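Reader: Before I plan anything around a model, I would like to learn how to read its features one at a time. Could you take me through them, giving the general idea and then the case at hand?

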Amino acid sequence: MTVATPSPNVQSIKPIILDELEAPPLPLSKMAWLKFRRHKMALVGVGILIVIILYCTLGGVIFSEKYANYNDTGIALQPPSQVHPFGTDVIGRDILARTVYGGQISLLIGLTAVMLETTLGILIGAASGYFGGLVDNLLMRFTEAILIIPQIFLLLVMAKFFAGNIPNITILGREFSGSVVVIIAIIGLTSWPYLARIVRAEFLTLKESEFVLAARATGTSTPDIIFRHILPNSIAPIVVSATLGVANAITLEAYISFLGLGVRPPTATWGNMLEGAYSYIENAYWLWLFPGLLILLIVLSINFVGDGLRDALDPRSRAV
Amino acid sequence: MHRACNILLDLYKYAMTRYIIRRLLQGIPLVFLVSILLFVLLQNMGDPLATMGGRSLTRREDRERLARQLGLDKPILVQYVYWLIGNDWTKVDINGDGIGETPGIRKGVLRGDFGTSLVTRQPAMQLILSRLPNTLLLMLVSELVVVLGALFIGVYSALRQYSFADNLITTLSFIGYSMPIFFLALGAMYIFAVNFKRWGLPYLPTVGMFDPQIGQTPWQLLIHMILPVTVISVNSFSGYSRYIRSTMLEAMNQDYIRTARAKGLPRRETVFIHALKNASLPIVTVVGLDLPFLLGGALVTERIFAWPGMGRLFIDHVSRGDTPVVMGIMMLIAIAVVIFQILTDVVYAWLDPRIRYD
């Protein structure tokens, strides 16, 4: 009975297709922007982010890094004044200049750690979802094993594992404490499990779809199917997760540095500027207020943007 | 009829038992995998001999002797086996002639011996268990505050979806979620302890569990808990309240709510009996999966407020390379996570008869 009556359906679809042809379909990026624009807090987030990035880059033009690391114990712990708008720290360094350079490093750590995390998450999730069977079983057990330990515990143990004498490194004429690389590596190495699970779920459904069957039938190689056919179709949750991951990485860096196992001085980060600030809670609020506020602002704005992106990119959320 | 029901119930119990056993059998290798990963990571935690002997161990022979006594001269695989099942079945070579002569004394983790702390020389488990009640007190009270508060706020904002109050709550929970714990903690300390004291107002204590001059009274404990509990709650509150808001919204759109309204039930009854009861089921899962992580305590909060719990124990002993204690804390959490995952599934299936595991 039901097989015999498909025709009314087909006819009712036809005029819609004609209608669509008159207005050409929007590309994904444009459609996403139309939805993103409606998310007021996400736009505020983008605004704050731009201001913070300008603060970190233009500030670097005004203050030299030498000035940011210059210490004079004679002017230690001075409250905010005209000369030092954010005050000075325990050994007399200018906090304003240090938040500028600290911000650069914090942003650098956030972005590169997420790159590492996303690469690992995609590779492991894709292999697990696409190949299935034993590969899936082994990789997912490994993923679960990492998820069992709270991330901050794992980070502290790994920070201790890689600590020791790491030489300073010089990139583009600037000297960094080698611990920056260690922090990036350990945050990236411990953050991928969630993303891997998302990617795996996407691959599990997409690998059964017809375009993958078509690609396989025309003899497309396995890497091409994975990276050029399936991956672009599962990019939305990856972008959202990576955006939120930057906020997460910046917070984690701040936690480890706050606990004294993070980036070593003289390289400043917003996190390690807070280390030991609570010993001066009674008389030097400026030690923790400014770097703390900056971390809050950047994490908040990235979370807003991530939320907006989720609404804009997720096909299951409501249409424009 | 009654007989048939009994058979079904028996079958159900049988399926459940089988499910629990299968999950346990999957969980045990997972815990082993975690222990191996951690054991390898902890091998490079710094110099255990320096931790143990301080500066007094300057003679090379003494260091070697201690290393042999601790089994540090053995390959990592042997060290892991000793950690796991102990070394009282073999002889330890302490004098360094290549032949074991002293019987080992370690019993191994499988027999409940987590080794001796290198810092305090107490049994590691004893040290951990002495801190556990403090952490549980802090974390369970916080969890209770969070769940009750989130239930209230979540239901409130679901009933007034997209109203001014709902939007305000959404924005505030975003801020609470994004707020780094140390910033919140330092800010709260600065306002409620430092400035209240300065202004001559009654101020809150910031350090420890008790004032040593007043002693261990319940009142002291209560006022020492206010700041840490608030800080932990604000941070994890928003996730819960957003979740309750969405499950509540979903429940309010169900047919049975429309039926309840249509037959003229008072609004209070529809919301709290019909909707909330169904909406709170998924929350059981979230709470159940979060509970084992409370064991670890809140590292940063305990550090800032000098709360003598597991989190602080962990930080102190990680930085001094005290492998037995660090390993003990993490294994405790790992085992709790596995057990609570199974418990959560079982409780959820028991609460929601639509769910079957087979």
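Author: What follows goes through confidence, folds, the core, the contact between the chains and a few single residues. This is a predicted model, in which local features need pLDDT of at least 70 and side-chain atom pairs count only at pLDDT 80 or more, while totals for chains, interfaces and linings use all residues. Residues are numbered from 1 along each chain as its sequence is written, and chains are lettered from A, with ligands numbered from 1, in the order in which they are written.

Reader: What is the mean pLDDT of chain A, and where does pLDDT stay under 50 in chain A?

Author: pLDDT is the predictor's confidence in each residue, on a scale from 0 to 100. Chain A has a mean of 83, with 88% of its residues at 70 or more, and chain B averages 83, with 94% of its residues scoring at least 70. In chain A, residues 1-12 stay under 50, and for this stretch the model has 0 contacts beyond four places in sequence, where two residues are in contact if their C-beta atoms, placed from the backbone, lie within 7 Å. Among the elements of chain B, helix H2 (residues 48-53) has the lowest mean pLDDT, 66, and H5(B) has the highest, 90. The model as a whole scores ipTM 0.84 and pTM 0.86.

Reader: How many helices and strands are there in chain A, and how many in chain B?

Author: Helices (H or I, at least four residues) and strands (E, at least two) are DSSP runs, numbered from the N terminus. Chain A has 12 helices and 2 strands, and its order along the sequence is α-α-α-α-α-α-α-β-β-α-α-α-α-α. Chain B comes to 14 helices and 2 strands. Of the contacts with a separation of 6 or more, residues 24 or more positions apart account for 71% in chain A and for 64% in chain B.

Reader: What radius of gyration does chain B have, and what would a compact globule of 358 residues have?

Author: The radius of gyration is taken over C-alpha atoms, and the globule rule is 2.2 Å times the number of residues to the power 0.38. For chain B the value is 26 Å, where a compact globule of 358 residues would be near 21 Å. Along the principal axes, the C-alpha atoms of chain B fill a box of roughly 90 × 75 × 35 Å.

Reader: What share of the residues is buried in chain A, and which residues touch the most other members of the largest nonpolar core?

Author: A residue is buried if 20 or more other C-beta atoms lie within 10 Å of its own, exposed if 12 or fewer, and partly exposed in between, with C-beta atoms placed from the backbone. By that rule, buried residues make up 41% of the 320 residues in chain A and 32% of the 358 residues in chain B. A nonpolar core is a set of buried Ala, Val, Leu, Ile, Met, Phe, Trp, Tyr and Cys residues joined through C-beta atoms within 7 Å. The largest such core has 145 residues, of which Leu155(A) and Leu156(A) touch the most other members. Helix H12 (residues 286-313) of chain A gives the most to this core, with 16 residues. Leaving aside residues up to four places away in sequence, Leu156(A) touches Ile256(A), Leu259(A), Leu261(A) and, in the other chain, Val318(B).

Reader: How many residues does each chain bring to the contact?

Author: Chain B brings 36 residues and chain A brings 33 residues. On the side of chain B that touches chain A, at least two residues each come from several helices, including H1 (2-42), H6 (164-178) and H14 (323-351). That side of chain B divides into 30 nonpolar, 5 polar and 1 charged, where Ala, Val, Leu, Ile, Met, Phe, Trp, Tyr, Cys and Pro count as nonpolar, Asp, Glu, Lys and Arg as charged, and the others, Gly among them, as polar.

Reader: Is helix H9 of chain A buried or in the open, and which residues of chain B have a positive phi?

Author: Of the 8 residues of H9 (residues 210-217) of chain A, the number buried is 0, so this helix lies largely in the open. Just after H9(A), Gly219(A) takes a positive phi of about 85°. In chain B, two residues that are not glycine can be named: Tyr162(B), with phi near 65°, and Ala306(B), with phi of about 50°. Tyr162(B) lies in the loop between helix H5 (124-159) and H6 and is exposed, with 9 other C-beta atoms within 10 Å. Ala306(B), in the loop between H12 and H13, is partly exposed, with 15 other C-beta atoms within 10 Å.
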